[in-house]
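Please open the model in your viewer and keep the selection tool at hand, as each stop below gives something to select and then says what is there.

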Amino acid sequence: MRRSVLKTCAAFCGMLFTIQMAVGQSRQVSGVVRDSEGRPLAGVTVKAGGQTATTDQAGTYRITVEGATAALTFTSVGLQPLDVAVNNREEINAVLTGTAVDLDDVVVVGYGGVKKSDLTGSVATLKGSDLNRTPASSVDQLLQGKIPGVQVAISSGQPGAGATVRIRGNSSLSGSNAPLVVVDGFPWGDAGDLKQINPDDIESIEVLKDASSAAIYGSRGANGVIMVTTKKARAGTPRITLNTLHTLSSLSVKPDLWRDGIEEAVYANEAARNGGTPLSQLPYLGEVRSGVYFPSIAELRGLDPNKPQWSTNTDWVNLVYRNPFSQNYTLGIDGGSDNTKYSMSGNYYKEEGLAIKNAYDKYTGRLNLDQKVNHAISAGTNIILTYTNNTGQNLSAGRSRIFPVYDENGNYFRTSAMDFGNPIAIANEVLNKSKTIDVLGTLFFNVKFTEWLQFRTQLSTKFGNAVGDVYEPASVTFRGYENTGYGATNNFNNNELVNENYLTLDKTFHDIHRLNVVGGFSLQNSKTRTSNLMGMNFVNDNLQNENLNSAKTKVISNGLSASTLHSWFGRANYALLDKYLVTVTGRADGSTKFGDNNKWAFFPSAAIAWKLNEESFMSDISFFSELKMRASYGLTGNQGISPYQTLDRFGSERYYVGAQNGFMTGFGPGLAGANNEQGLTIVGGLGNKSLKWETTTSYDIGLDIGLMDQRFTVTLDYYNKHTKDLLRTRTIAPSSGFDQQWVNDGEISNRGFELGFNAHIIQQDDLFWSVGGNFALNRNKVIAMGESDRVVTGSLIEMVRQNINHFIIGQPMYAFYGYRANGIIQSLEDGIEAGLTGAEALPGEIKYMDISGVNGEPDGTIDPTYDRMVIGDPTPNFIYSFNTSLSYKRIDLSAQFYGVYGNDIFDLQKMTPSRQIQRWTPDNPSNLYPRANNTRGYKASDFFVEDGSFLRLQNLTVGYNFRPGLVRGISTIRVYASGNNLATFTKFNRGFDPEVGIDGINWGNYPRPRAYSFGLTVGF
Amino acid sequence: MNFNKIIVGLCLSALIGGTFFSCSKLSEEPYGIVNSNSFYKTADDAVSGLIYAYAILPEVGYYSRGYYIITELPTENLTAKSDAGQANFELDQLRTTSTNADLDNLWTYLYRGIARANAVIANVPNVPNMPEADQNQIIGEGYFLRALHYFNLVRLFGEVPLRLEPLVEAEQIPAEKSTIPQIYEVIINDLKQGEALMTLNKNFEGRANRAAAQALLAKVYLHMASSGSSNALGYDFVGNADLLYQEALTYADKVVNQQQVFNFTDILPDIWNTEVYKNAAVSEHIFDAAVDRTGEREGNYSKLPNMFLPDPGFVMTIPYNPSDPNSSMINIGRGWNHFQMEAAHFDSYNDSDKRKTDLIVSQVVNPDGNTIELGINDFSRPFTRKFIDPLRDADKMSTNSPIIRFSDILLVYAEAAGPTVEGYAAVNKIRTRAGLGPLPANLSMSEFRQAVIEERAYELAFEGNRLFDLRRTNTMQKILVEKYGKSITSGAYFFPIPQRELDANPLMKP
């Protein structure tokens, strides 16, 4: 404090001195201009009175200053201008900040780039520096709210959990809906778990949204493409940067659990009694049940004259959750000569989970080398190594407070021999660990035949390995009990090999015809091998899964799936007079995954754009720095099916035929897949030789507006996507012997509108204020699904014994389907009148509505055929976000809000203890919450459907940039504090976060942390 | 110059690469997958295909649990523990709907079994270079299995779609319901094929032979005959029931009197001793869904006993044969207390009936050596010891699920024969073993048949016969409601066809 006062005084004196001295002298001032991350900025215009200079490649400038000049003005297109007082200094270094994208910036669009101003399709771009600084194990999570039309749903707060990413809605029923991720020109696959990239290494992210831009990825482009570009090597003296982030987190919502053992026991007894348990068999009667003493209500209250008050009152929330501490460090270095450039970085990331003993560690290394072989040939490599280690699991804190963690002998307390719910036992005794190693490498050669023609060949490989270790002791989990100890080692190996070769032609003819053509071919091979080793029945738990061979029963499974993709692709961009732009793109994909009858697919697209601001009639209206109209049309595909799905596949099973022959192995039709929640194995394996890609036909109309040298920018897009030949697993009649088959039928449409804007409202000497935001509205509708009007999707929910999410003609995907509820039954007559029978008609139960019947009118019974209807839509009406940043001198402040509006949530966790307390009783004739009843078979009804709209204060960051050169050898120091998930405004169930998955079901996932981070960025 | 060479090289490689893959067929080489292109080529494939058809039987959804849930809960024999779930209680209280998960489950498994049997019937005749006798035996077993599944279907659901060909294309999926007589025609035809193609040899556990086909045929004819004569719902097509009784008698006679590979077991607990019935040259078990405790997963071994066994909080020990004072004690573990015996059934036995005293456990010994009484209204109730495995490995048990038992066919014989000398002899043989006296002489035809049905209720209790006996005698209302005070809302004679089938099969109507 004292120091800064002194400094201010000194500065003030200096100013006086300057004024006094400023008489007709001229002298030289020099310095370095850098961006906010400490990198030198070239081409910055420096003005001092009438003098002008420009920074060179190293960011340095030299300018003559007349004596009377008080300030230097630094300007660069797309960055916030800066005025710096001269104050008699000879060296003035400056830092320019800003987010606006330069119209001359090259935007990565796949197999090359185009100038931002020449874009004809709908492409959004985001700089790495714009990503929020908060712990994120996958980059995808950081895209939330950043780009209009890109929806990111993070349904779990578990460390290492991915995100669900959707661009312009869902367009596939059971194929993948995730965008394709392309990293440095290498197609990696589905977005959602981009853990291999360190966010600090990202230079930019481009999102290809419309068919014109995504068609270059053909049969993988229908869900949009996310292009990630990592930081590239740059020549110059070595620069070292260090980023650190330390984060302390807490639960962002207070779990809605019983706060009091008495109420919990009263409720349990009442629920058992209403559920038909004989009075003598109620749980809390002060009797021993299966060897465990259950206190009576009186004893819990301390009113039993013969017993002391029950003293156990376990606070499971405190035992299960913690305030985790997470760390993130990145050290990077780049530099080199004009011929050899390098960039490398290392990252360590550790995220602790909210649940105890749950943590995620990640190490990332990256090397980027670029060598100029001679004037025509350059070569380079890009290598990324990632190692992750994930331990622990989600734990439930919803256990009875009445019982302790440990029994009197120090063993884990169990309420019965079949009680496997003690979270402390699970945290301590269950082994659940997964490790992944990813190695990604790209090697390229670039040959420049002439100034306008070059050839690039690129060989990329991706190797991914994951090993999962599981052990469940016999006394802790049901699976462990069932198998007398269950151990497993699960191995996963994935290899991708991609070779891409293409020519690029870039030439201007007669000054008015600019042509850019890309054409080439690519080969991609993918191979995934898995092996799962399981052991059951161990002598003891000492070795966990370390010696599976000692298990009495061993089960092995292995598999391999391989596919090959061959492609031809091409794109031509043509600009006439720099005003009229045309793009034509096409890709032909041949895949082994497609059925014999359909091996090759072709995806063409075209786009036009008109730069009105370049027209002579607009030349008077100079405040338009950009005014561009765009239109595009084209086809893209989705091949999100697994290999071999077009073939018929047999299942295998064993049968015992007596001691002599033991078990024999059988093969035959019907391939057993996963079990559903009721233990029913879902059988597939019926082939389909005509199976092929899905085709999305889409058009996009857009308008880009930039005012006052891009100080205010607006981008508007309207699109219409129509997807046909939908890949889906049709649920087939079980009487066929199969449960499902992959088919192409059905259509979906997505229409929508997107708006993005950015305004640099104040741009003054020391004060900058900008506001940005985006808004996306998507209307999704299922148009046809072959012979079906309604198809179930997702999984069967045991609690309501049906699937919630359905695909229904005319409705948005994942619509909720079920009964209507109309409050609570108040009398038996009320229940019978409603068409209910038996226990369902009793007072206090949910009153379901008799909507229709065989004859099209209510028939006095509630049945699944006539009384179910659409009861909710999990898709938001719109998604929006806005952000603002304010900087004054060296202090900056930014905030981001993110919201979704108009979506429904099927709240499986609706009956939380705080609502159970408000239950219907004869004395409390609630019309909101049913009576306690532990044998109630809930129907899937709108009783569970709640409004899921929310607005979240996603991020708030306060930063301070220290004066460059403050410490010798250090060019920049920035410190900041960042809060993430700080506040959520919603009407949803207060015990849970309203952000659930795409299916809109509140499963009670891993809670989401509220994170407080402290970060440091140092540039040397 | 070097540079030019590189360019030439690159262009060349581009050209080669381009030519190479434009010619490639992109055909798929499946890895680790057997399918119709590669299977049913050898005699071993034929056996393997048949094994696959059998393997459906001991699945959890079928004879290892599902079948018992559906056939036992609706009767007066069993109810379920209070948290057994909605579907169980709908069955127990006879108020089933089309969304009942247990019915959906069994329906699915029955048709999976049919699909597997169809694959055997259609493909095995085309396997080259196979001894005809082996081929016939396998095809005959395929027919037997298909008939068994359809017999279960028609008794549970009534009119159902008939699928007689392997499903290779989706176009075959829509299928209408067939009528009950059409379904019986297939069942009878399949069993007659099975009888003709199979030998009487019993070489394997859990596989059918000629006697199994004859036994099942006897049950089929009896079901039709009694349903017809009692005017049970859906059986008006049965014209002359006496002819069908005669057919039932003919086939039961083949099993009871004309073969030696299966026979009557004199000591009740021995019928249920896995080490006896799996190893003896001759046993009561004409056809079982076979399992063994060395299996890897449920379906290979059985957990069915846990459904019947209570969980009194300790491992239970019981005498092997209470009628034998020198009987050893056996440790039977503990179960899940899922099925709970109803007082209606327990109280209706004659007190000296050995099927109550020897096969229903009312007291158990705990590890401290104390005898614990189980009350019929307690949480841990008396339970049947038909399904136990004293050699159990944790929850892995070798308890086969009996599908056709000699005593069952003996009672079929008696019921079909009526109050003849042979009829009396057959039923009294069962009663004698149970420690009861003979049936009163000179019973009328209907009195006699009613007495045999009653005998079946005790002899075959918990084996999945009672529901069908009540249905085929048109006595669901009379016995369950009027005698035992249960209520019936729906599904008395035929359970509703599962909603998933109605939704996915466009030709299917409820």
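A residue counts as partly exposed when the number of other C-beta atoms within 10 Å of its own falls between the limits for exposed, 12 or fewer, and buried, 20 or more. Keep in mind throughout that this is a predicted model.

With that scale in hand, select A:T381, which sits in strand β23 (residues 377-391) of chain A. Because 14 other C-beta atoms lie within 10 Å, A:T381 is partly exposed. Leaving aside residues up to four places away in sequence, A:T381 touches A:L369, A:G441, A:T442 and A:L443. If you then add A:F738 to the selection, you will find its C-alpha atom 49 Å from that of A:T381, the two residues being 357 apart in sequence.

Go next to A:H510, in the loop between β26 (486-509) and β27 of chain A. Is A:H510 buried or exposed? It counts as exposed, because it has 5 C-beta neighbours inside 10 Å. A distance drawn from the C-alpha atom of A:H510 to that of A:L282, 228 residues away along the chain, comes to 93 Å.

Now select residues 45-48 and 51-54 of chain A, the strands β2 and β3, which pair in the antiparallel sense over four bridges. Within this pairing, A:T45 has A:T54 in β3(A) as its bridge partner. The two strands form a hairpin with two residues between them, and A:G49 in the turn has a positive phi of about 60°.

Colouring chain A by pLDDT is a useful next step: the average is 87, and 95% of the residues score at least 70. Residues 1-24 of chain A, however, stay under 50, and the model has eleven contacts for them beyond four places in sequence. Where pLDDT is low, the predicted coordinates should not be read in detail.

Turn then to the contact between the chains, which takes 77 residues from chain A and 74 residues from chain B. On the side of chain A that touches chain B, several strands each supply at least two residues, among them β24 (431-450), β27 (513-536) and β39 (740-744). The largest share, eight residues, comes from β28(A). By class, the residues of this side of chain A divide into 31 nonpolar, 37 polar and nine charged.

Finally, select residues 382-508 of chain B, which the unreviewed UniProt entry annotates as "domain: RagB/SusD". This span is 48% helix and 6% strand, and its end C-alpha atoms lie 43 Å apart.

Note on methods. Residues are numbered from 1 along each chain as its sequence is written. Chains are lettered from A and ligands numbered from 1 in the order in which they are written. This is a predicted model: local features need pLDDT of at least 70, side-chain atom pairs count only at pLDDT 80 or more; totals for chains, interfaces and linings use all residues. Two residues are in contact if their C-beta atoms, placed from the backbone, lie within 7 Å. Ala, Val, Leu, Ile, Met, Phe, Trp, Tyr, Cys and Pro count as nonpolar, Asp, Glu, Lys and Arg as charged, and the others, Gly among them, as polar. UniProt positions are given in the numbering used here, feature names are shortened, and annotations may be inferred rather than shown by experiment. Two strands pair if DSSP finds at least two bridges between them. pLDDT is the predictor's confidence in each residue, from 0 to 100.
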